[in-house]
Amino acid sequence: MLMRTTIGPDDAATVGELLREIGQGRGTPEELRDAAIYWSAAIDPDMECADLQTIAWLLRDASSHRRVPTPNRDRARYWAAYLEGRMAS
């Protein structure tokens, strides 16, 4: 049995938009940029917990990277914690 998330479509859309912003940031390092763009298109309200955890880790990485604008770092930190709290079996 696969574990699924309990995030709603609005949350998925908001996180997807944040990931797009991070991926399109001028100073965002290439590896972080590529991962953010990939996951911005892949996030879904009914995704497996392992994938959601990957997104949360990506957001945590972005939240600690000085080349990501401060507002996006703050939002990434918030959404990483939120996503981790929404994982359910």
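At 18% relative accessibility, D11 counts as buried, because the cut-off for that class is under 20% relative accessible area. D11 has its place in helix α1. Apart from its neighbours within four places in sequence, D11 is in contact with W79 and Y82. These values, like the others below, come from a predicted model.

**Overall fold**

The chain has four helices and zero strands, and its pattern along the sequence is α-α-α-α. The radius of gyration is 12 Å, close to the 12 Å that the globule rule gives for 89 residues, so the chain is as compact as a globular protein of that length. Taken along the principal axes, the box filled by the C-alpha atoms is roughly 40 × 20 × 20 Å. Of the 89 residues, 39% count as buried. The accessible surface comes to about 5200 Å², and carbon and sulfur atoms account for 50% of it.

Contacts can also be sorted by separation along the sequence. Among those between residues at least 6 apart in sequence, 69% join residues at least 24 apart. A separate example of spatial approach is given by A42 and G16, which are 26 residues apart in sequence and 8.1 Å apart in space, C-alpha to C-alpha. A42 has its place in helix α2 and is partly exposed, with a relative accessible area of 28%.

**Nonpolar core**

The largest nonpolar core has 22 residues. Those with the most contacts inside this core are V15, L19, I22, I43, I55, L59 and L83. Each of α1 (9–23), α2 (30–42), α3 (49–63) and α4 (70–86) supplies at least two residues of the core. The largest share, six residues, comes from α3.

Helix α3 has 15 residues. From its first C-alpha to its last, α3 reaches 21 Å, close to the 21 Å expected at 1.5 Å a residue. The buried residues of α3 are C49, L52, Q53, I55, A56, L58, L59, A62 and S63. What covers these buried residues includes α1, α2 and α4.

L59 appears both among the core residues with the most contacts and among the buried residues of α3. Leaving aside neighbours within four places in sequence, the contacts of L59 are V15, L18, L19, I22, A76, W79, A80 and L83. Of these partners, V15, L19, I22 and L83 are also listed with the most contacts inside the core. W79 is a contact of L59 and also a contact of D11.

**Salt bridges**

The count of salt bridges comes to five. In general, side chains of opposite charge can pair when their charged atoms come close. Three of the pairs are set out below, with N to O distances.

| Pair | N to O distance | Place |
|---|---|---|
| R75 and E21 | 2.9 Å | α4 and α1 |
| R60 and E84 | 2.7 Å | α3 and α4 |
| R77 and D74 | 3.2 Å | both in α4 |

R75 forms a salt bridge with E21, the closest N and O atoms being 2.9 Å apart. This pair links distant parts of the chain, as R75 in helix α4 and E21 in helix α1 are 54 residues apart. R75 is partly exposed, with a relative accessible area of 30%, and E21 is partly exposed as well, at 29%.

The side chains of R60 and E84 meet in a salt bridge of 2.7 Å, N to O. R60 lies in helix α3 and E84 in helix α4, so the pair ties together parts that are 24 residues apart in sequence. R60 has a relative accessible area of 32% and is partly exposed. E84 is partly exposed too, with a relative accessible area of 28%.

R77 and D74 also meet through their side chains in a salt bridge, at 3.2 Å, N to O. Both lie in helix α4, three residues apart, about one turn of the helix. R77 is partly exposed, with a relative accessible area of 38%, and D74 counts as partly exposed at 41% relative accessibility.

Terms used: Residues numbered from 1 in each chain as written. Predicted model: local features only at pLDDT ≥ 70, side-chain atom pairs only at ≥ 80, totals over all residues. Heavy atoms only, no water. Core = buried A, V, L, I, M, F, W, Y, C linked by side-chain atoms within 4.5 Å. Buried < 20%, exposed > 50% of the residue type's maximum accessible area, 1.4 Å probe, protein only. Contact = heavy atoms within 4.5 Å. Salt bridge = Lys/Arg side-chain N within 4 Å of Asp/Glu carboxyl O. Expected span 1.5 Å × (residues − 1). Rg over C-alpha atoms; globule rule 2.2 N^0.38 Å. Areas by Shrake-Rupley, 256 points an atom, 1.4 Å probe, with all protein chains shown as cover.
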